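Here is a set of short questions and answers on one protein model. Look over the sequence and the coordinates first.

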Amino acid sequence: MVCMAGWSLAASDTGNLAGYWEGESKCTDANSPCHNEHALYQISADAKNPAILKMDGCKVVDEKSQFMGTLSCESHPDQSLLTCTGHTARQDEWEFHVSGDTMSGTLKIGPEKTLYRRISVHKTETKLTCP
């Protein structure tokens with residue numbers, strides 16, 4: 001889950017992941033402040049390091065999107081995998097399994113890697129607005 005300098009992405013790998021994704025993010029820890037969310041993601045190459053992808057994330061609340069943050073991601077095309085982190089104190093680890101135009105994933109947090117969320121999204125041609 002650590003971004004590796006020197007990781008090389010083929011243009012086709014970036015192209016398949018780049019774009020807009022939409023779906024659901026469900027909580028797995030009933031004793032947390034977590035809420036189930038309708039999720040919007042935009043994936044693009046990082047302007048400073050094109051070997052890294054960035055994923056801007058929003059949630060929809062009362063029919064309005066709210067920016068949640070940007071993740072730094074690595075593509076692992078040989079495993080159909082996208083791994084990301086927000087580089088937060090929570091030690092967040094996001095892992096998405098890519099299958100065509102769908103991704104299913106998890107968010108694990110903390111040194112014990114507690115499962116916090118399950119995410120299921122699909123790629124959409126519609127430009128999603130995320131402030």
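Q: Is K113 buried, partly exposed or exposed?
A: This is a predicted model, and the answer rests on computed accessibility. Buried needs under 20% and exposed needs over 50%. K113 has 31% relative accessibility. K113 therefore counts as partly exposed.

Q: Which residue forms a salt bridge with E93?
A: The pair links distant parts of the chain, 20 residues apart. E93 sits in strand β6, residues 93–99, and its partner in the loop between β7 (102–109) and β8. The closest N and O atoms are 3.1 Å apart. The partner is K113.

Q: Is E93 buried, partly exposed or exposed?
A: The cut-off for buried is under 20% relative accessible area. E93 has 21%, so it misses that class. E93 is partly exposed.

Q: What is the distance between the closest N and O atoms of K59 and E37?
A: K59 lies in strand β3 and E37 in strand β2, 22 residues apart. The pair forms a salt bridge, a class that needs a side-chain nitrogen within 4 Å of a carboxyl oxygen. The closest N and O atoms are separated by 3.9 Å.

Q: Is K59 buried or exposed?
A: Its relative accessibility is 19%. Buried means under 20%, so K59 falls in that class. Its partner E37 has a relative accessible area of 15% and is buried too. K59 counts as buried.

Q: Which residues do salt bridges with shared partners join into one network?
A: The structure holds 4 salt bridges. One of them pairs K59 with E37. Salt bridges that share partners join these two residues with R117. The network is E37, K59 and R117.

Q: Which residue of the salt bridge between K54 and D56 is buried?
A: The closest N and O atoms of this pair are 4.0 Å apart. K54, at 29% relative accessibility, counts as partly exposed. The relative accessible area of the other partner is 18%. The buried residue is D56.

Q: In what order do the strands close into a barrel?
A: The protein has 1 helix and 8 strands. Along the sequence, the pattern is α-β-β-β-β-β-β-β-β. The 8 strands close into a barrel with antiparallel pairing. The order is β1-β2-β3-β4-β5-β6-β7-β8.

Q: What is the bridge partner of S25 in β8?
A: Strand β1 covers residues 19–27 and strand β8 covers residues 114–124. They pair in the antiparallel sense over 8 bridges. In β8, S25 has as its bridge partner I119.

Q: Which residues lie nearest the centre of the largest pocket?
A: About 470 Å³ of space lies in this pocket. The elements giving two or more residues to its lining are β2 (37–45), β3 (53–61), β4 (64–76) and β8. The lining has 23 residues. Nearest the centre are M68, R90, W94, L107 and R117.

Q: How many residues of the pocket lining are charged?
A: The lining of the largest pocket holds 11 nonpolar residues. Another 7 are polar. The number of charged residues is 5.

Q: What percentage of the residues is buried?
A: The protein has 131 residues. E37 is one of the buried ones, with a relative accessible area of 15%. Buried residues make up 38%.

Methods:
Residues numbered from 1 in each chain as written. Predicted model: local features only at pLDDT ≥ 70, side-chain atom pairs only at ≥ 80, totals over all residues. Heavy atoms only, no water. Pairing = 2+ DSSP bridges. Helix = DSSP H or I, 4+ residues; strand = E, 2+ residues; numbered from the N terminus. 1 Å grid on protein atoms, 1.4 Å probe; cavity = no way out; pocket = protein on both sides within 12 Å on 5 of 7 lines; lining within 4 Å. Points joined across faces, edges and corners; volume = space filled by probe spheres on them. Nonpolar A, V, L, I, M, F, W, Y, C, P; charged D, E, K, R; others polar. Buried < 20%, exposed > 50% of the residue type's maximum accessible area, 1.4 Å probe, protein only.
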